Amino acid sequence: MPSAEKPAESTSAVDIAPQPSGLVVHEQRAGTGTPLVLIHAFPLDSRMWSRVIDLLPPGFPVYTVDLPGLGTAPSPDQLGEHLDAPAGPTLELSADGVAAALADAGLKRAVFIGLSMGGYVALALLERHPELIAGLGLFDTKTTADLQQGRTNRLRIAHDLQAAGSVDSVLGMAETLVGESTVATRPAIVQQIRTWISEQTADAVAWSQRAMAARPDRTDVLIGYEGPVSVVVGEQDTLSPVAPSRLMAQNAPNSTFDIIGDVGHLTAVEAPEEVAHLVAKLMDRVQ
Ligand code: MLT
């Protein structure tokens with residue numbers, strides 16, 4: 001080949017890692033027995049679980065998954081194409097993406113723990129793929145749908161995010177996601193959450209808001225589930241408060257209910273020791 005026909009710079013395939021178009025369950029540690037899959041909150045990614053993972057007792061394998069467009073995940077459009085499904089915005093797409101990722105990793109069943117939006121996705125998974133669920137952790141989340149005002153608010157936020165092309169308008173969520181005690185005494189945690197939010201894209205955050213706005217009530221799905229359920233809530237959680245969380249636990253036939261004192265909505269970030277302990281308790285009921 002004459003040298004003039006050669007590309008000026010080598011960009012051979014080995015230099016560029018192909019990006020998966022489906023969701024991926026990332027193995028955080030190997031182990032034996034029923035695996036644990038941790039599903040993150042909005043508008044974050046699976047890094048929010050890292051301290052909890054460090055504090056878990058040895059034994060079971062642990063996986064995390066980034067939801068569509070967030071963290072390292074492909075965009076909802078790529079995922080829709082991958083699954084040959086409409087790109088939403090719906091949490092059903094997220095749940096189907098998690099189910100496909102589990103199959104890709106060769107996993108047949110797992111315990112799923114979802115915090116807030118992660119809990120909404122875990123409930124959609126329970127409804128759509130019940131055979132995958134060996135146990136369920138519903139942390140700082142709810143089975144109910146949004147009221148009309150909440151839905152309208154989400155759609156307005158989604159619109160504003162995309163109009164601005166930036167996540168700046170939701171950076172302030174760092175303070176509402178945590179409890180008042182954390183805001184008052186642990187600024188480094190608030191700053192960490194702010195940084196994680198700043199690293200998401202406006203499109204992905206807007207898509208997630210629209211998907212959450214469209215989610216149906218899944219109380220009956222939980223009522224019909226007889227496997228082990230752990231409901232956990234931060235005492236100062238203003239987004240998924242204690243009283244409805246207690247009710248959610250009462251609705252699950254085989255559940256435990258724990259309140260973590262002095263923290264808000266992001267229990268896994270604000271109280272990783274307590275959360276790791278409660279995760280281990282749920283895993284003990286399953287193993
Ligand atoms: C979350 O933490 O995932 C969000 O607060 C969920 C929501 O907005 O309902």
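**Close-up 1. The loop between β4 and α4 holds S116, a residue with an unusual sign of phi for anything but glycine in this predicted model**. S116 lies in this loop between β4 and α4, and its phi is near 55°, a positive value in a residue other than glycine. Because its relative accessible area is 8%, and buried means under 20%, S116 counts as buried.

**Close-up 2. Strand β4 is enclosed by the rest of the structure**. Six of the six residues of β4 are buried, so this strand is largely enclosed by the rest of the structure. Its side chains can be followed as two sets: A110, F112 and G114 point one way from β4, while V111, I113 and L115 point the other way, and all of these residues are buried.

**Close-up 3. Strand β4 has β5 and β2 as pairing partners**. Strands pair through backbone hydrogen bonds, and they may do so either parallel or antiparallel. Strand β4 (residues 110-115) pairs with β5 (residues 133-139) in the parallel sense, over six bridges, and here L115 has F139 as its bridge partner in β5. With β2 (residues 36-39), β4 also pairs in the parallel sense, over four bridges, and I113 in β4 is the bridge partner of L38.

**Close-up 4. Strand β2 pairs with β3 as well as with β4**. Four bridges join β2 to β3 (residues 62-65), and these two strands run parallel; within this pairing, T64 in β3 stands opposite L38. The residues of β2 are again seen as two sets, with L36 and L38 pointing one way and V37 and I39 pointing the other way, and all of them are buried.

**Close-up 5. Seven strands form an open sheet**. The strands follow the order β1-β3-β2-β4-β5-β6-β7, and their pairing is mixed. The edge strands are β1 (25-29) and β7 (255-260), each of which pairs on one side only. Direction ignored, neighbouring strands of this sheet are turned by 20° against each other on average. Helix α11 (residues 242-251) lies across β5, β6 (229-234) and β7, and it runs at about 165° to β7.

**Close-up 6. Two loops contain a cis peptide bond**. The peptide bond from F42 to P43 is cis, with omega near -5°, and P43 lies in the loop between β2 and α1 (50-55). A cis peptide bond also joins G88 and P89, where omega is about 10°; P89 is found in the loop between α2 (76-83) and α3 (91-104). The loop between α2 and α3 also holds D84, which has a positive phi of about 55° although it is not a glycine. D84 is exposed, with a relative accessible area of 72%.

**Close-up 7. The largest pocket is lined by 27 residues**. About 670 Å³ of space lies in the largest pocket, and the lining residues closest to its centre are N153, R154, M173, Q209 and L239. Helices α4 (117-128), α5 (148-164), α6 (173-177) and α9 (202-213) each supply at least two residues of the lining, and the largest share, five residues, comes from α5.

**Close-up 8. Helix α13 has 15 residues**. Helix α13 (residues 272-286) reaches 21 Å from its first C-alpha to its last, which is close to the 21 Å expected at 1.5 Å a residue. Its buried residues are P272, V275, A276, L278, V279, A280, L282, M283 and V286.

Conventions. Residues are numbered from 1 along each chain as its sequence is written. This is a predicted model: local features need pLDDT of at least 70, side-chain atom pairs count only at pLDDT 80 or more; totals for chains, interfaces and linings use all residues. Side-chain values use heavy atoms; hydrogens and water are left out. The expected span of a helix is 1.5 Å times one less than its number of residues. Buried means under 20% relative accessible area, exposed over 50%, partly exposed in between (1.4 Å probe, protein chains only). Two strands pair if DSSP finds at least two bridges between them. Axes are lines fitted to C-alpha atoms, for helices over the stretch in contact, and angles run from 0 to 180 degrees between N-to-C directions. Contact means heavy atoms within 4.5 Å. On a 1 Å grid over the protein atoms alone, a cavity is a set of points where a 1.4 Å probe fits but cannot get out, and a pocket is an open set with protein on both sides within 12 Å along at least five of seven lines; lining residues have an atom within 4 Å of a point. Grid points are joined across faces, edges and corners, and a volume is the space filled by probe spheres set on the points.
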